[in-house]
Amino acid sequence: YDAYENAINCRIKSKEGYDIGNKQATKLTPEMVECYLSSLANRYSKGTIDKTWTVLNQTILYGQKNGYIQSGHDFKSIKKPKESNVAVKKRDIKSITLPDMEKLYAESLRKTSRGTPLYGNAAKVEVFIMYSGLRIGEAIGLRWENVSSDFRSIRVVQSGTRVVERNADGSPVMDGEHKKYVNIQKETKTESGERTVPLPKKAEEILHFFDAAFPDHKPDDNVFLTSKGTVFHKRNIERTLERMLKRSDCECKEYTPHSLRHGYGSVLLREGVDIKTVSVLLGHKDVSTTYNIYIHVLEKDKIKAVRNVFDR
């Protein structure tokens, strides 16, 4: 709902560029829509344009179904801008390397001169993501009822996210001039996102830490909480990772929480774990998704295998 509202208010109703929000539905043509999408390419990424088209396309389908837009127009043939033609290019996400994983883990344990943890609980969440391959939302949304009694595995069934708090009519609840936000639980990104993940010892350590820090937790409580006992917002975790990287000995200083997830998958593949197993552990929709993300790892392994066999 928030994403749709943002697309409508910031791009479809925007007066900047090609103002499609001011066009009458009865006059809408495929050419108008293509011109509009092309105008977005001057400012936005392909992902943002695709999301905007999703909203606009639903509006067009509704209009055609109810006779507001001429059914003779073929909106299905509309061409969206290609990645090569958009202003904001898709950023390649770096996978954290095994040596950098170890350095970042060591950094998470750093203490102040007074002997207190330097980074707080967010650093623990970073480590857990790095050794479980969870998406950041899945980590935020993890509840104790989905943690095994021995802390050696977890069941991923939902994801935590922060959304605008709304009144009964859908309007945002305001706190002065600012919108109020609430934390909610939602389903995993895909059906295959529901999965059981076995945990290595470094991830188990994190669960033991939060169990000790919040001993009165209930089954439906979130596992990962700030030192004040509140649910994390993903930006808190991202900022902590930025601080950790600046101080660490990691070769790369540009990792994101998603880089930690990718590092988990890369390490498993390099250690010979079957790609189907890695796909299941990461909660990908199908194995082709995993292959496309980790093709660079697989290609290197292929070259190595050929040389090991024929160049001995």
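**A buried threonine and its surroundings in a predicted model**

At a relative accessibility of 7%, T240 counts as buried, because the cut-off for that class is under 20%. The values given here come from a predicted model. T240 belongs to helix 8, which covers residues 234-247. A polar atom of the T240 side chain sits 3.0 Å from the backbone oxygen of N236. Once neighbours within four places in sequence are set aside, the contacts of T240 are Y119, A122, A123 and E126. Taken together, then, this threonine is a buried residue of helix 8, with its side chain placed 3.0 Å from a backbone oxygen.

It helps to step back to the whole chain. The protein has 312 residues, and 39% of them count as buried. Its secondary structure amounts to 12 helices and 6 strands. Measured out along the principal axes, the box filled by the C-alpha atoms is roughly 65 × 65 × 35 Å. Among contacts with a separation of 6 or more, 65% join residues 24 or more positions apart. About 18600 Å² of the protein is exposed, and 50% of this area is supplied by carbon and sulfur atoms. As for charge, there are 53 positive and 41 negative side chains, and the centres of these two sets are 3 Å apart.

Helix 1 offers a second place to look closely. This helix spans residues 2-12 and includes E5. Its buried residues are E5, A7, R11 and I12, so a glutamate and an arginine are found in this set under the 20% cut-off. The partners against which these buried residues pack are helix 2 (30-40), helix 3 (46-65) and strand 4 (178-179). For E5 itself, leaving out residues up to four places away in sequence, the residues touched are R166, P172 and K179. E5 and V55 are 50 residues apart along the chain, yet 9.2 Å separates their C-alpha atoms.

A last point of interest concerns the backbone at F151. Most residues other than glycine have a negative phi. F151, which is not a glycine, has a positive phi, near 65 degrees. The residue is located in the loop that runs between helix 6 (136-140) and strand 1 (153-156). Is F151 buried or exposed in that loop? With a relative accessible area of 9%, F151 is buried. The loop between helix 6 and strand 1 thus holds a phenylalanine with a positive phi that is also buried.

Methods: Residues numbered from 1 in each chain as written. Predicted model: local features only at pLDDT ≥ 70, side-chain atom pairs only at ≥ 80, totals over all residues. Heavy atoms only, no water. Helix = DSSP H or I, 4+ residues; strand = E, 2+ residues; numbered from the N terminus. Buried < 20%, exposed > 50% of the residue type's maximum accessible area, 1.4 Å probe, protein only. Polar contact = N/O pair within 3.5 Å; in protein donor to acceptor, adjacent residues only side chain to side chain. Contact = heavy atoms within 4.5 Å. Areas by Shrake-Rupley, 256 points an atom, 1.4 Å probe, with all protein chains shown as cover. Lys, Arg positive; Asp, Glu negative; His and termini not counted. Charge placed at Lys NZ, Arg CZ, Asp CG, Glu CD.
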